[in-house]
Amino acid sequence: MRDACKSLGHFQLEDCEVYSSCEPCPMCLGAIYWARPKRVFFANTRKDAANAGFDDDFIYQDSRLPLKTGKYP
């Protein structure tokens, strides 16, 4: 995404498509929202990632909590 933005000279990728091997993690998802691509494709779900040892579920759970009660500041 960084290279695409650099090539296009803009931080938005509205006419672009993003392809990923897995459902984006919370950090990548934030970058995707900001870039505003036309479409996002991924081959595996976050459950598939968790089964392979890359479990971000605690981040998804924590992000649903009100800010004052979240685990992290």
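Four helices and two strands make up the secondary structure of the protein, which is a predicted model. Read from the N terminus, the elements follow the order α-β-α-β-α-α. Helix 1 covers residues 2-8 and strand 1 covers residues 17-22. Helix 2 (26-35) and strand 2 (39-44) are joined by a loop, and helix 4 spans residues 57-63.

The overall dimensions depart from those of a compact globule. For 73 residues, such a globule would have a radius of gyration near 11 Å, whereas the value for the protein is 14 Å. The C-alpha trace extends over about 40 × 30 × 15 Å along the principal axes. Of the 73 residues, 15% are buried. Among contacts with a sequence separation of 6 or more, 26% are between residues 24 or more positions apart. The accessible surface amounts to about 6100 Å², and carbon and sulfur atoms contribute 57% of this area. The protein carries 10 positive and 10 negative charges, and the mean positions of the two sets lie 4 Å apart.

Individual C-alpha separations illustrate the arrangement of the chain. Ile-59, located in helix 4, is partly exposed, with a relative accessibility of 32%. Between Ile-59 and Leu-8 the sequence separation is 51 residues, and their C-alpha atoms are 32 Å apart. Tyr-19, by contrast, belongs to strand 1 and is classed as exposed because its relative accessibility of 59% is over 50%. The C-alpha atoms of Tyr-19 and Arg-39 are 8.6 Å apart, for a sequence separation of 20 residues.

The loop between helix 1 and strand 1 contains Gln-12. This residue has a relative accessible area of 21% and is therefore partly exposed, the limit for a buried residue being under 20%. Gln-12 and Trp-34 are 22 residues apart along the chain, with a C-alpha separation of 7.0 Å. When neighbours within four places in sequence are set aside, the contacts of Gln-12 are with Trp-34, Ala-35 and Arg-36.

Arg-36, one of these contact partners of Gln-12, is situated in the loop between helix 2 and strand 2. Its backbone has a phi near 55°, a positive value in a residue that is not glycine. In general, most residues other than glycine have a negative phi. Arg-36 is partly exposed, at 42% relative accessible area.

The cysteines were examined for disulfides, and the count is zero. Cys-28 takes part in no disulfide, and the nearest cysteine sulfur, belonging to Cys-25, is 3.6 Å away. This distance exceeds the cut-off, because a disulfide requires two cysteine sulfur atoms within 2.5 Å. For Cys-22, the closest cysteine sulfur is also that of Cys-25, but at 9.2 Å the separation is too far for a bond. Cys-22 is buried, with 18% relative accessible area, whereas Cys-28 is partly exposed at 38%.

Conventions. Residues numbered from 1 in each chain as written. Predicted model: local features only at pLDDT ≥ 70, side-chain atom pairs only at ≥ 80, totals over all residues. Heavy atoms only, no water. Rg over C-alpha atoms; globule rule 2.2 N^0.38 Å. Buried < 20%, exposed > 50% of the residue type's maximum accessible area, 1.4 Å probe, protein only. Contact = heavy atoms within 4.5 Å. Areas by Shrake-Rupley, 256 points an atom, 1.4 Å probe, with all protein chains shown as cover. Lys, Arg positive; Asp, Glu negative; His and termini not counted. Charge placed at Lys NZ, Arg CZ, Asp CG, Glu CD.
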